[in-house]
Amino acid sequence: MAKKDIILDLKQKAKELRKDIITMIYNAKSGHPGGSLSAIDMLVGLYYYKLRIEPKNPLWENRDRFVLSKGHCSPAVYVVLADKGYFPKSELDGYRKINSMLQGHPELSTPGIDFAGGALGQGICFALGIALACRLDRRNCNVYAMIGDGEMQEGAVWESSMAAAFYKLDNLIVVLDKNQVQQTGRTKDIMDIGNAALKWKAFGWNVIDINGHDMAQVINALDKAFKMKNKKPTIIISNTIKGKGVSFMELNYKFHGKAPNDEEYKKAMEEIEKIDVKKFK
Ligand SMILES: Cc1ncc(C[n+]2csc(CCOP(=O)(O)OP(=O)(O)O)c2C)c(N)n1
């Protein structure tokens, strides 16, 4: 398949999954649409293009690992896992319901989930641990973790960043979903993270800076990160827009953790339906 066709398919997939994200949050009447919509293009790049996984054998020892450090954005991972066949799509209807498989924050009992995220700053530490363990066990697998820009304010992120560089973990690839908005407003107003690229570079990481909604850039970055075995961990700074694809959610902190009401749901679905994937970025 030509690369441009692969990219078009991935864009189409991300469009479909945006609808699933909105629908499951609407049905649950709670959840985090903003950071799920900003992350979905990268997750599609990861799960449909890059990760070495076997959905029928979720605990395959040599699988690549994915850690969602910003665990509140679980809808974006759940829609992908359901579509990949880790569990039936009907499970999405149970999202955030008591005793259902899909809780608000990921649980290890869910097939395909490698980290029970929720407390920000912890996932990247866990990913660092798996990357070290994989190396000790001589496993040829990569560990990917996604963190948020608000999450980057957590001290533990910097401890693990320093440790990953010190231990020369070139099997660790972190994606920073830099969607510009955290829980209660713009990240730059709450506690500016400054020049993220320079900071990670100064901590000894390879840095790849991209538009995280441009699927061509997403898969090129994943290829580049995969090949960059230079005894340094790699971070992909994925510049995104919180709520991307739904105009009234874009960069709107009010949709950090709020479900759409009936009218908003209808409008959101119409807007996503109208996305022209060829132009989307
Ligand atoms: C340690 C910790 N403190 C606070 C929270 C509550 N919380 C959940 S999401 C969030 C904002 C995260 O912002 P960001 O990392 O930018 O995520 P995104 O914009 O992608 O949703 C906060 C403060 C938490 N989950 N963990």
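**A friendly note on the ligand shell and strand 2**

1. A good place to start is the ligand: by class, its shell holds four nonpolar, 13 polar and five charged residues. Here Ala, Val, Leu, Ile, Met, Phe, Trp, Tyr, Cys and Pro count as nonpolar, Asp, Glu, Lys and Arg as charged, and the others, Gly among them, as polar. The shell has 22 residues, and the closest are Gly 35, Gly 148, Gly 150, Glu 151 and Gln 182. A residue is near the ligand if its C-beta atom, placed from the backbone, lies within 6 Å of it. Helix 2 (residues 33-50) gives the largest share of this shell, three residues.

2. Some ground rules. This is a predicted model, in which local features need pLDDT of at least 70, side-chain atom pairs count only at pLDDT 80 or more, and totals for chains, interfaces and linings use all residues. Residue numbers start from 1 along each chain as its sequence is written.

3. Now the overall build. The protein has nine helices and five strands, in the order α-α-β-α-α-β-α-β-α-α-β-α-β-α from the N terminus. Helices (H or I, at least four residues) and strands (E, at least two) are DSSP runs, numbered from the N terminus.

4. On dimensions, the C-alpha trace spans about 50 × 45 × 45 Å along its principal axes. The radius of gyration is 17 Å, which agrees with the value near 19 Å for a compact globule of 281 residues. That radius is taken over C-alpha atoms, and the globule rule is 2.2 Å times the number of residues to the power 0.38.

5. Please look closely at strand 2 (residues 143-148): six of its six residues are buried, so this strand is largely enclosed by the rest of the structure. Buried means 20 or more other C-beta atoms within 10 Å of the residue's own, with C-beta atoms placed from the backbone. Val 143, Ala 145 and Ile 147 cover one side, while Tyr 144, Met 146 and Gly 148 lie on the other. Across the protein, buried residues make up 47% of the 281.

6. Strand 2 also has partners. Strand 1 (residues 65-68) pairs with strand 2 in the parallel sense over four bridges, with Leu 68 bridged to Met 146. Strand 3 (residues 172-178) pairs with strand 2, also parallel, over six bridges, and Val 143 stands opposite Leu 172. Pairing requires that DSSP finds at least two bridges between two strands.

7. Lastly, strand 2, helix 5 (residues 155-166) and strand 3 form a right-handed β-α-β unit: with the strands pointing away from the viewer, the path from the first strand over the helix to the second runs clockwise.

Technical notes:
A residue is buried if 20 or more other C-beta atoms lie within 10 Å of its own, exposed if 12 or fewer, and partly exposed in between; C-beta atoms are placed from the backbone.
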